[in-house]
Amino acid sequence: MTIKIGVVTFPGTLDDRDAQRAVRLAGAEAVPLWHADANLHKVDAVVLPGGFSYGDYLRCGAIAAQAPVTAEIIKAANGGLPVLGICNGFQVLVEAHLLPGGLIRNENQHFICRDQRLRVENVNTPWTNEFALNEEITIPLKNGEGGYIADEETLKRLEGEGLVAFRYLDSNPNGSMNDIAGLRNERGNVVGLMPHPEHAVEPGFGPDTNIAMKSGVDGLKFFTSVIHSLVNA
């Protein structure tokens with residue numbers, strides 16, 4: 001059984017090739033999806049990668065949320081298709097109302113690029129099932145508008161229903177409320193986060209670890225998790 005994972009490219013996307021490589025390293029087939037596509041080409045899951053869709057004009061992810069391919073993703077996600085949004089992809093998911101809240105400029109008003117420690121808060125999703133609950137991982141972060149915001153009622157619901165998927169450790173890089181780095185939806189099939197798992201999937205190119213420089217591969221579990229979930233569905 002070959003698992004096919006679609007990776008969307010919007011005008012301005014820049015991490016699509018990295019996401020495709022991560023999909024292949026995990027053992028699935030990467031299927032390129034274009035922003036104007038009116039169907040998802042029978043993929044088993046979708047990744048919305050990072051970048052600056054449509055130049056981040058209007059508001060990050062706001063125009064991409066109106067793209068033809070996003071309309072198809074919304075329909076498929078509501079039917080249970082696993083969808084992962086990374087950085088700009090997370091912003092698109094929020095703008096498309098597949099995840100609640102909003103993402104605003106970093107608290108310090110600066111673009112941040114660094115390796116970031118996270119705690120896995122929820123393993124009951126297709127994208128996180130190979131992690132251990134409360135596992136601490138390190139994957140790269142690079143964004144200028146990653147500050148998560150939500151009203152008090154939404155925050156209470158996210159915390160009460162266990163919908164926070166990842167939380168920042170050591171320090172909060174962008175002022176996100178409740179140190180939220182990533183979320184899942186109620187069904188669990190839609191996950192979004194600001195850090196970039198696709199940049200921590202191959203020894204020699206990931207974050208430093210105690211074992212060796214650039215040896216971190218914590219991001220690979222996102223992609224092997226969804227394959228595991230689909231194969232055992």
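1. Start with a salt bridge. The side chains of Arg167 and Glu121 meet at 3.3 Å, N to O. This pair ties together distant parts of the chain: Arg167 sits in strand E9 (residues 164-168), Glu121 in the loop between E6 and E7, 46 residues apart. Arg167 counts as buried, at 13% relative accessibility. Note that the model is predicted.

2. The bridge is part of a wider set. Salt bridges that share partners join Arg119, Glu121, Glu159 and Arg167 into one network. The structure holds 13 salt bridges.

3. Another pair also spans the chain. Glu145 and Arg105 form a salt bridge at 3.9 Å, N to O. Glu145 lies in the loop between strand E7 (136-143) and strand E8 (147-149). Arg105 lies in the loop between strand E5 (102-104) and strand E6 (112-120). The two are 40 residues apart. Both ends are partly exposed: Glu145 has 22% relative accessibility, and Arg105 has 38%.

4. A further salt bridge joins Arg157 and Glu161, again at 3.9 Å, N to O. Arg157 is partly exposed, with a relative accessible area of 28%. Glu161 is partly exposed as well, at 47%.

5. Now the sheet. Nine strands form an open sheet in the order E2-E1-E3-E4-E11-E10-E9-E6-E7, and the pairing is mixed. Its edge strands are E2 (29-34) and E7, each of which pairs on one side only. From one strand to the next, the twist averages 25 degrees.

6. The parallel part can be followed through E3. Strand E1 (residues 4-9) runs parallel to E3, and three bridges join them. Here Ile5 stands opposite Ala45 in E3. On to the next neighbour: E3 and E4 are also parallel, joined by three bridges. In that pairing, Val47 has Leu84 of E4 as its bridge partner.

7. Which way do the side chains of E3 point? Ala45 and Val47 point one way, Val46 and Leu48 the other way. All four of these residues are buried. The pattern is the expected one, because in a regular strand the side chains alternate between the two faces of the sheet.

8. The antiparallel part can be followed through E10. Strand E10 (residues 180-184) and strand E11 (residues 190-193) run antiparallel, with three bridges between them. Gly182 stands opposite Leu193 in E11, and Leu183 stands opposite Gly192. The two strands form a hairpin with five residues between them. In the turn, Gly188 has a positive phi of about 100 degrees.

9. E10 pairs with E9 too, in the antiparallel sense and over three bridges. Arg167 returns at this point: its bridge partner in E10 is Ile180. So Arg167 has a backbone pairing with E10 as well as a side-chain salt bridge to Glu121, and its relative accessibility of 13% is under the 20% cut-off for buried. E10 itself is mostly covered, with five of its five residues buried.

10. Two helices lie across the sheet strands. Helix H3 (residues 88-95) lies across strand E3 (45-48), strand E4 (83-86), E10 and E11. H3 runs at about 120 degrees to E4. Helix H4 (residues 152-160) lies across E9 and E10, at about 70 degrees to E10. E10 is thus listed under both helices.

11. Check the length of helix H5 (residues 220-231). At 1.5 Å a residue, its 12 residues should span 16 Å. The end C-alpha atoms are 17 Å apart, which agrees. Which residues of H5 are buried? They are Phe222, Phe223, Thr224, Ser225, Val226, Ile227 and Leu230.

12. Finally, the cysteines. How many disulfides are there? The count is zero. For Cys87, the nearest cysteine sulfur is that of Cys60, 8.4 Å away. A disulfide needs two sulfur atoms within 2.5 Å, so Cys87 is in none. Cys113 is in no disulfide either: its nearest cysteine sulfur, that of Cys87, is 10 Å away. Their surroundings can be compared. Cys87 is buried, with a relative accessible area of 6%, whereas Cys113 is exposed, at 61%.

Conventions: Residues numbered from 1 in each chain as written. Predicted model: local features only at pLDDT ≥ 70, side-chain atom pairs only at ≥ 80, totals over all residues. Heavy atoms only, no water. Buried < 20%, exposed > 50% of the residue type's maximum accessible area, 1.4 Å probe, protein only. Salt bridge = Lys/Arg side-chain N within 4 Å of Asp/Glu carboxyl O. Helix = DSSP H or I, 4+ residues; strand = E, 2+ residues; numbered from the N terminus. Expected span 1.5 Å × (residues − 1). Pairing = 2+ DSSP bridges. Axes fitted to C-alpha atoms, helices over the stretch in contact; angles between N-to-C directions. Contact = heavy atoms within 4.5 Å.
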